[in-house]
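Here are a few exercises to work through with the model open beside you. Try each task before reading its solution.

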Amino acid sequence: MSKRARQYIGILAAVVIYYIVHEGAHLLSALCFGVFKQINFMGLGVQVDVYNTRMSDLQMGIFCLAGAAATLLAAWLLVLLCKRICAAKSKVFRAVMWYTSLIMLLLDPLYLSLLCGFFGGGDMNGIALLIPQAAARIGFALLGVVNAVVAWRYLLPEYKRSFANGD
């Protein structure tokens with residue numbers, strides 16, 4: 001299989017995995033709170049809809065934070081498993097894990113620190129019920145910087161080495 005095909009498969013699979021983890025965490029918290037309404041499919045996106053009038057501010061904050069928390073936990077699990085993943089024989093699997101690691105490490109911190117202000121807030125609206133929005137945005141920005149450094153200094157060399165070996 002060509003490198004380009006592996007890249008496309010890796011990116012597509014990473015986006016699907018991200019949605020499953022992120023929206024799955026929202027779904028689980030909505031089910032736990034007994035407020036699940038429906039799943040909305042919106043273009044390329046997915047959204048878990050809830051009966052928000054039945055939720056306290058704490059529940060709404062937890063519901064909104066659950067997605068980012070799940071993706072960040074998954075990201076750090078992938079970081080911890082990096083050497084094992086890079087030892088796998090399948091280049092497609094390694095490509096999927098590389099792009100999944102990047103998306104999980106960087107997407108939510110980027111969105112919740114910078115982009116949420118341009119797109120209606122999304123999860124930040126609920127997170128702001130738990131802590132001040134400025135503090136949350138600064139915290140996610142710092143987390144994004146740490147995650148970017150980990151991706152650049154640790155993950156990238158490991159994955160580069162694994163693909164350079166020609167296995």
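**Exercise 1. Work out how exposed Arg161 is, and follow its salt bridges.**

Step 1. Arg161 has a relative accessibility of 46%, so it counts as partly exposed. The scale here is relative accessible area with a 1.4 Å probe and protein chains only: buried is under 20%, exposed is over 50%, and partly exposed is in between.

Step 2. Now look for its partner: the side chains of Arg161 and Glu158 form a salt bridge, at 3.1 Å from N to O. To count, a side-chain nitrogen of Lys or Arg has to be within 4 Å of a carboxyl oxygen of Asp or Glu. Both residues sit in helix 6, 3 residues apart, or about one turn of the helix.

Step 3. Glu158 also pairs with Lys83, at 2.9 Å from N to O. Lys83 belongs to helix 3 (residues 82-86) and Glu158 to helix 6 (residues 133-164), so this bridge ties together parts 75 residues apart in sequence. Helices (H or I, at least four residues) and strands (E, at least two) are DSSP runs, numbered from the N terminus.

Step 4. Check the burial of these two: Glu158 is buried at 12%, while Lys83 is exposed at 51%.

Step 5. Put it together: the shared partners link Lys83, Glu158 and Arg161 into one network. The salt bridge count for the model is 2.

A word on the ground rules: this is a predicted model, where local features need pLDDT of at least 70 and side-chain atom pairs need 80 or more, while totals for chains, interfaces and linings use all residues. Numbering starts from 1 along each chain as its sequence is written, and side-chain values use heavy atoms, leaving out hydrogens and water.

**Exercise 2. Find the nearest side chain of opposite charge to Asp49, and list its contacts.**

Step 1. Locate Asp49: you'll find it in strand 2 (residues 45-50).

Step 2. Asp49 is buried but makes no salt bridge; Lys37, the nearest side chain of opposite charge, is 4.1 Å away. For charge, Lys and Arg are positive, Asp and Glu are negative, and His and the chain ends are not counted.

Step 3. Skip neighbours within four places in sequence, and Asp49 touches Val35, Phe36, Lys37, Gln38 and Asn40. Contact here means heavy atoms within 4.5 Å.

**Exercise 3. Describe helix 1 and helix 4.**

Step 1. Helix 1 (residues 3-33) has 31 residues and runs 45 Å from first C-alpha to last, close to the expected 45 Å. The expected span is 1.5 Å times one less than the number of residues.

Step 2. Its buried residues include Arg6, Tyr18, His22 and Glu23. Among the elements covering the buried residues of helix 1 are strand 1 (36-42), helix 2 (57-80) and helix 5 (123-127). Just past the end of helix 1, Gly34 has a positive phi of about 70°.

Step 3. Helix 4 (residues 91-113) has 23 residues and reaches 33 Å, close to the 33 Å expected. At its start, a side-chain oxygen of Ser90 comes to within 3.4 Å of the backbone nitrogen of Val92.

Step 4. Helix 4 bends by about 30° at Leu106, with Pro109 following within four residues. That bend is the angle between axes fitted to the seven residues ending there and the seven starting there.

Terms used:
A polar contact is a pair of N or O atoms within 3.5 Å; within protein, one must be able to donate a hydrogen and the other to accept it, and residues adjacent in sequence count only if both atoms are side-chain atoms.
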